[in-house]
Every structure is written in C-alpha cells, then in structure tokens.
Amino acid sequence: MYHVRKVPHDRESADMKRYSAFAIVREALRNHRGWERAWISPEPRERYDVVVIGAGGHGLATAYYLGRNHGVKNVAVIEKGWLGGGNTGRNTTIIRSNYLQDPSAAIYEKARSLYEGLSQELNYNLMFSPRGVLMLAQTEHEVRGYRRTAYANALQGVKTEFIGPERVKQIVPIIETGGPRYPVLGALWQARGGTARHDAVAWGYARACSDMGMHILQKTEVTGITQKGGKVTGVRTTRGDIGCGKLAIVVAGHSGRLAEMAGFRLPIESVALQAMVSEPIKPAMDVVVMANTVHGYMSQSDKGEMVIGGGADGFNNYTQRGSFHHIEETVRALIETFPMLSRLKMLRQWGGIVDMTGDRSPIISKTPLENCFINGGWGTGGFKSIPGSGWAMAELVARGEPGPLAAAFGLERFREGRFIDESVAAGVAH
Ligand SMILES: Cc1cc2nc3c(=O)[nH]c(=O)nc-3n(C[C@H](O)[C@H](O)[C@H](O)COP(=O)(O)OP(=O)(O)OC[C@H]3O[C@@H](n4cnc5c(N)ncnc54)[C@H](O)[C@@H]3O)c2cc1C
C-alpha cells in the first residue's frame, strides 16, 4: 500500500525531491511513505504573467521552456480535463524527424535531439526508445518520394537512409515483402527515431513546471477570452475569471473553438484519428514500421501489445472515438504486409481529435491580438515535436517575435501562399 504525503493546495511549489536509485531503495525500506505528489493542485491566482490554455504535451512544454529558457515562472497552464488526457495520452508515440522541407526537419530534429536527454533533464523516465523507424515504400511513387526525402535529410543534417527490401526483411523478420498488391520495394530508415511513453512526457513536464512554482489548473475549462483595445486581458473559466499579461492557446483539436472565442479564424479542420492495441504477445518486432500506402503503422509496446495506428475520419468531428469502419480497414490493410496479425485479437481502440492544416504543417504564430499566441495544427504527428514545439513557442511568447525554429510557421503563410507542404513526407504523418 502506498502512503502519499499530502501537499497543501496553496503551496507555491511541489518542492520536488529528485528521483534516483537511492530514493527507490530508501522508500522501499520505509514502506514508501516518503513519495510526494508529482505536482500540486493549487487554487487559481487572480492573475498570471502568462496563461497557457491546454495541458497537453505542447502546452506543458511551452510552460517548462518559458521558465527554463526565459525565466518566466508566474505561469498557469489551464486544462479542462486532466493533464495529458487529450491527444498526448492517445497517440501511438512515434518519434522521427525525416521530414522533407527544411523548416520541418529543423523543428522535428530539434525535438528528437531534445528527447534523447529529456529523461535526465526532467529527472523523469520518459522511456524514450530510439529503436528505429521504417517508412515502407510500397509503390514506385513512394520509392521516388522517400529517395528524395533521404537526399533532403542529408542536406539538412538529419541522419536517414533509403534501404532495399532485403535489408527491411533483416530488420523486421515478420514482414511479408512480396505481397501481391503492395510489395515492399524499400524503406526510409531513421535509426535514431523511435518511441517514448506518452503520458510520461506530460507528467515529466508537469512535475518540472510545478517545481518551478507554476500552476497547473486541471478540471478548469476556458469558456471565454476577455479583451480590451486589441489585447487579451484574461480568460473566463469554470473556476472564475483569471487575468493574464500574455495568452498562449495550445489546444490541438480545439484550436478552432478557442480562436473563435478570441475572435479570429484558423485554416484548421478537426477530425478524429484512431488507434488500437492487440493482446500482448512475445517480442516480435523491435522497430516502428509505418506503411503509408495502406495507411497503417505499428510498433510493439513494452507490455507486448502490438500498437496499431489507423486513418483519420473523412469528415470533421469532435468525437474521441473514431468511426468503426476504420478499425476493419486498418487491420485488413496491414494483414497483407504482416500476415501474423490475422491471428491476433484486438484489445482496445480509441480516438483523439487532431487539427489538420492544408499543408500538413503546424502553426506557431502571433495572432490578430497583440499579446495572444497560438500553437496548433500538428495534426496526426505532433507527439514527436513536443520538446521542439515547446521550445519555439516559449521563445515566441517571451519575446513577442518568433525565433528561427518558429519563423516559417506563422499564420501569414496561408495568406501569402507560402505553404510548407509536407503531404509527401507526412502522408500518414505520425
Ligand atoms: C490516435 C492518434 C495517434 C497519433 N499518433 C502519433 C504518433 O505516432 N506520433 C506523433 O508524433 N503524433 C501522433 N499523434 C498526434 C499527437 O498526439 C498530437 O499532435 C499531439 O499530442 C498534440 O498535443 P497537444 O499538446 O497539442 O494536444 P493535446 O494533448 O490534445 O492537449 C490539448 C489540451 O487542451 C485541452 N483543452 C481543449 N479545450 C480547452 C478549453 N476550452 N479549456 C481548457 N483546456 C482545453 C484539452 O483537454 C487537451 O488536454 C496521434 C494522434 C492520435 C489521436
């Protein structure tokens, strides 16, 4: 039985003790009475320097890097549900940076490289596993597209290579490379891509934010945005009005709704994307495989479940389930490439609301309101970018102008026709 020491709600910081092998031994010897809450649940203050709406990975990372890189610590992260309960806790955790366009490769590679040391930095085990990501080429078109991406990555300093079907078979023995409809013709291979534990990413950032004295206000829905003279003055919430000096909107699939509250429109559509896991089996595949032509991707979790991601609904909606026909379509499509799947039972299925832009690239941007900034549009692929996105968004919020990582991702690109087209490199986009 665990005894959690009560942390008073009005305390300003969680006074975080370091997790270590020594702490585990110490707590084992004293019946686990010394573990503390990872973050506090405070009452809201009247006003904060910065309010971040959305305690997903991106919102929490924004708050963390505001404190770490810019010394801004009077920050609240406001969340209508529980932290990490949005897409951050619902995705299939693929991390890679092999995108086609230079601005994308820069921010995703920044994120990937931050992930490498993040468990140590946050003193929280994120279970980052750089096991390698294969993007299968199953049509001639994909072969050409991925060869092009490999050349682009070489110029960008992102380490990837295009490999042939024999090498694919060596890396993934359970794969069927000679399928009748979709033979495996090769793959784009990123050896330092991989996965991380999604909840842990949210929890690790939340704990570090709380330790800096920031407030994470869960079960607090933002219902309105108050403004005066072209500036945001605060937010209306289900726990009362909260004033702020600056506002960061970081709410993924709800970006359109929050922008509407602030009085501007976004070129974003919200759709449900879904995933599922099989019953657990013995280790069968130690890399991540993405099959974009058939629209399925798969990895094996530490528990042994095959984690399978499928397609997005073809219509706009806010359900966190996804429609039923996708389950069958995804599994049916993957079985040709992984015949062993036909013998597996599926255990669970779920969905999340993703925010899609026309060029399949994110928005990290100023808005028509002087002190209001928005981060969204990561669509089906924003888990991998959380550290890089938080880094860039914090810079934008702190300075009022985007730094080099965010400069290309402003909203004005849609007006000016300066798209960052990732529909090839990010067809499925995870
Ligand atoms: C099934 C699925 C599979 C995916 N697979 C991958 C993958 O393999 N790799 C990858 O890189 N990405 C993947 N993604 C995409 C990735 O999950 C998202 O891009 C990313 O998690 C977005 O993070 P976020 O912090 O912006 O959003 P979220 O985690 O959704 O956080 C936004 C938060 O804002 C809160 N919020 C909304 N409105 C309000 C309000 N009015 N007031 C207060 N709070 C509010 C929500 O409750 C939510 O917690 C996948 C997504 C899904 C759904």
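The exercises below work through helix packing, the ligand shell and selected residues of one predicted model.

Residues are numbered from 1 along each chain as its sequence is written. In this predicted model, local features need pLDDT of at least 70 and side-chain atom pairs count only at pLDDT 80 or more, while totals for chains, interfaces and linings use all residues.

**Exercise 1. Describe how α2 packs against α9.**

Step 1. Fix the elements. Helices (H or I, at least four residues) and strands (E, at least two) are DSSP runs, numbered from the N terminus. Helix α2 spans residues 57–70 and helix α9 spans residues 386–399.

Step 2. Take the geometry. Two packed helices are described by the angle between their axes and the distance between the axes. Axes are lines fitted to C-alpha atoms, for helices over the stretch in contact, and angles run from 0 to 180 degrees between N-to-C directions. The axes of α2 and α9 come within 7 Å and cross at roughly 60°.

Step 3. Classify the angle. Under 35 degrees counts as roughly parallel, over 145 as roughly antiparallel, 65 to 115 as roughly perpendicular and the rest as oblique. The pair α2 and α9 is therefore oblique.

Step 4. Assign the hand. A crossing is left-handed if the near helix is turned anticlockwise from the far one by less than a right angle, and right-handed if clockwise. α2 passes α9 in a right-handed crossing.

Step 5. List the contact. Two residues are in contact if their C-beta atoms, placed from the backbone, lie within 7 Å. On α2, the residues include G57, H58, A61 and Y65. On α9, they include I386, P387, W391 and V397.

Step 6. Sort by class. Ala, Val, Leu, Ile, Met, Phe, Trp, Tyr, Cys and Pro count as nonpolar, Asp, Glu, Lys and Arg as charged, and the others, Gly among them, as polar. The α2 and α9 contact has 11 nonpolar, seven polar and no charged residues.

**Exercise 2. Describe the packing of α2 with α6.**

Step 1. Helix α6 covers residues 198–211. Its axis lies 9 Å from that of α2, at an angle of about 35°.

Step 2. The crossing of α2 past α6 is left-handed.

Step 3. α2 contributes G57, L60, A61, A63, Y64 and G67. α6 contributes V201, A202, Y205, A206, A208 and C209.

Step 4. The classes are 10 nonpolar, two polar and no charged.

**Exercise 3. Do the same for α3 and α9.**

Step 1. The two axes come within 6 Å and cross at roughly 110°.

Step 2. α3 and α9 are therefore roughly perpendicular to each other.

Step 3. Their crossing is right-handed.

Step 4. Contact residues include I107, K110, L114 and L118 of α3, and I386, G388, S389 and A392 of α9.

Step 5. This contact has 10 nonpolar, two polar and one charged residues.

**Exercise 4. Which residues of the shell are closest to the ligand, and which elements each supply at least two?**

Step 1. Count the shell. A residue is near a molecule or strand if its C-beta atom, placed from the backbone, lies within 6 Å of it. The ligand is surrounded by 39 residues.

Step 2. Pick the closest. They are G54, G56, G86, G352 and G382.

Step 3. Find the elements. At least two shell residues each come from α2, β12 and β16 (346–357).

Step 4. Classify. The shell has 13 nonpolar, 21 polar and five charged residues.

**Exercise 5. Place M127, R360, G263 and M298, and decide whether each is buried or exposed.**

Step 1. Set the scale. A residue is buried if 20 or more other C-beta atoms lie within 10 Å of its own, exposed if 12 or fewer, and partly exposed in between; C-beta atoms are placed from the backbone.

Step 2. M127 sits in the loop between α3 (102–122) and β4 (133–137). Its phi is near 55°, a positive value in a residue other than glycine. With 16 other C-beta atoms within 10 Å, M127 is partly exposed.

Step 3. R360 lies in the loop between β16 and β17 (363–366). R360 also has a positive phi, about 60°, although it is not a glycine. R360 has 23 other C-beta atoms within 10 Å, so it is buried.

Step 4. G263 belongs to the loop between α7 (255–262) and β12 (268–280). Its count is 12, so G263 is exposed. G263 and I225 are 38 residues apart in sequence and 8.9 Å apart, C-alpha to C-alpha.

Step 5. M298 lies in strand β14 (residues 296–300). M298 is buried because 23 other C-beta atoms lie within 10 Å. Leaving aside neighbours within four places in sequence, M298 contacts V289, M306, V307, I308, L334 and F338.
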